[in-house]
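Student: I should like to work through this structure by question and answer. Please begin with the term that the strand pairing rests on.

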Amino acid sequence: MFNQKTTVLFIALVSIITTHAQQKSNDEYITFNDRNNVVHGIYLGIPLAIGEIDGKDTFFAGLKLAYVANRKLEIGLATYGFYSQQNLSGELSIDNEDLIGGYVGLHLEPIVFGKRTISLSFPQFIGGGAIGYVDGDTFENDDNDFDNEDFDTSDYIFVYEPGVSLLFNINRYVQLEATGKYRFSSKIELEQQALDRINGFSAGLGIKVGIFNMGKNRYKKQID
């Protein structure tokens, strides 16, 4: 009888100790998702767009290198080049002088709903560059090579370009964007003086390739 009581007491004691140890073990660790912390990212982007300058068709191509902070803000550098079919008369051509130029500067892009598959952003560009007139026949005829004689007087410009974008998060490494922008420029002075600014709308598509989330997903952290 004594042995039976001792055995029952021993089993109950072991059970209590085991349960307490398991509870203590569970309390010493917490599982958390570090995506709630700051998530870093970096990408290289290629935007393409069509728009207008002084009512004439214009093609834009660019390159962006940016850091992404917590899927809420992009900060980086961007450069854009453009070609506008102005079809003007001047020293280079009787009726086919076109406008060409480029600018480089700071890229800022606040992001809303960055954690969702489709998010909204507000890209901002501010920078400067140069523009000038070229003989449009040079680009339309593949047999002609472009040289300095095909380029007319140029001028420097300052550009501010705000916009709005839809961002499509394909996966951790690829993102697509559809963007609409309006371009403001400083006044320019060219001999033809057909226009004094390059203000205008543009719309386009782009691709971003990089790592948009450098953090891990889940792990355990010991509680002090």
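Tutor: Two strands pair if DSSP finds at least two bridges between them. The model discussed here is predicted.

Student: How many bridges join strand β2 to β3, and what is the bridge partner of alanine 49 in β3?

Tutor: Strand β2 covers residues 40-53 and runs antiparallel to β3. The number of bridges that join them is 12. Within this pairing, the partner of alanine 49 in β3 is phenylalanine 60.

Student: Which residue in the turn of the β2 and β3 hairpin has a positive phi?

Tutor: The hairpin leaves two residues between β2 and β3. A residue in the loop between these strands has a positive phi although it is not a glycine. The phi is about 55°, and the residue is aspartate 54.

Student: Is aspartate 54 buried, partly exposed or exposed?

Tutor: Buried means under 20% relative accessible area and exposed means over 50%, with partly exposed in between. The relative accessibility of aspartate 54 is 47%, so this residue counts as partly exposed.

Student: Which residues gather with Asp54 in a patch of negative charge on the surface?

Tutor: The patch contains Asp54 and further acidic residues. One of its members, aspartate 196, is in the loop between β9 (174-185) and β10 (200-211). Aspartate 196 counts as partly exposed because its relative accessibility is 35%. Gathered with Asp54 are Glu52, Asp57 and Asp196.

Student: Where does arginine 71 lie, and is it buried or exposed?

Tutor: Arginine 71 is not a glycine, yet it has a positive phi of about 55°. Its place is the loop between β3 and β4. With a relative accessible area of 16%, which is to be set against the limit of 20%, arginine 71 is buried.

Student: How many bridges join strand β5 to strand β7, and which residue of β7 is the bridge partner of glutamate 97?

Tutor: Strand β5 (residues 97-112) and strand β7 (residues 124-135) run antiparallel. They are joined by 12 bridges. The partner of glutamate 97 in β7 is aspartate 135.

Student: In the hairpin of β5 and β6, which residue takes a positive phi?

Tutor: Strand β6 (residues 118-121) pairs with β5 in the antiparallel sense over two bridges. In this pairing, isoleucine 111 has serine 121 as its bridge partner. Five residues stand between the strands of the hairpin, and the one with a positive phi near 60° is phenylalanine 113.

Student: How many salt bridges are found in the whole structure, and what N to O distance applies to glutamate 177 and lysine 64?

Tutor: A search of the whole structure gives five salt bridges. The side chains of glutamate 177 and lysine 64 meet in a salt bridge, with an N to O distance of 3.2 Å.

Student: How many residues apart are glutamate 177 and lysine 64, and are they buried or exposed?

Tutor: Glutamate 177 is in strand β9 and lysine 64 is in strand β3 (residues 56-69), so that the pair links distant parts of the chain, 113 residues apart. Glutamate 177 has a relative accessible area of 4% and is buried. Lysine 64, also with a value of 4%, is buried.

Student: What separates the closest N and O atoms of glutamate 74 and lysine 208?

Tutor: These two residues form a salt bridge, with the closest N and O atoms 2.7 Å apart. Glutamate 74 is in strand β4 (residues 73-88) and lysine 208 in strand β10, 134 residues apart. Glutamate 74 counts as buried at 1% relative accessibility, and lysine 208 counts as buried at 0%. The separation asked for is 2.7 Å.

Student: Which strands does the salt bridge of glutamate 161 and arginine 183 tie together?

Tutor: The side chains meet at 3.8 Å, N to O. Both residues are buried. The parts that they tie together are 22 residues apart in sequence, and the strands are β8 (residues 151-169) and β9.

Student: Which residues do salt bridges with shared partners join into one network?

Tutor: Two bridges described above, Lys64 with Glu177 and Glu74 with Lys208, supply residues of this network. The full membership is Lys64, Glu74, Glu109, Glu177 and Lys208.

Methods. Residues numbered from 1 in each chain as written. Predicted model: local features only at pLDDT ≥ 70, side-chain atom pairs only at ≥ 80, totals over all residues. Heavy atoms only, no water. Patch = residues over 30% accessible without salt bridge, like charges linked within 9 Å, V, L, I, M, F, W, Y side chains within 5 Å. Areas by Shrake-Rupley, 256 points an atom, 1.4 Å probe, with all protein chains shown as cover. Salt bridge = Lys/Arg side-chain N within 4 Å of Asp/Glu carboxyl O. Lys, Arg positive; Asp, Glu negative; His and termini not counted. Charge placed at Lys NZ, Arg CZ, Asp CG, Glu CD. Helix = DSSP H or I, 4+ residues; strand = E, 2+ residues; numbered from the N terminus. Buried < 20%, exposed > 50% of the residue type's maximum accessible area, 1.4 Å probe, protein only.
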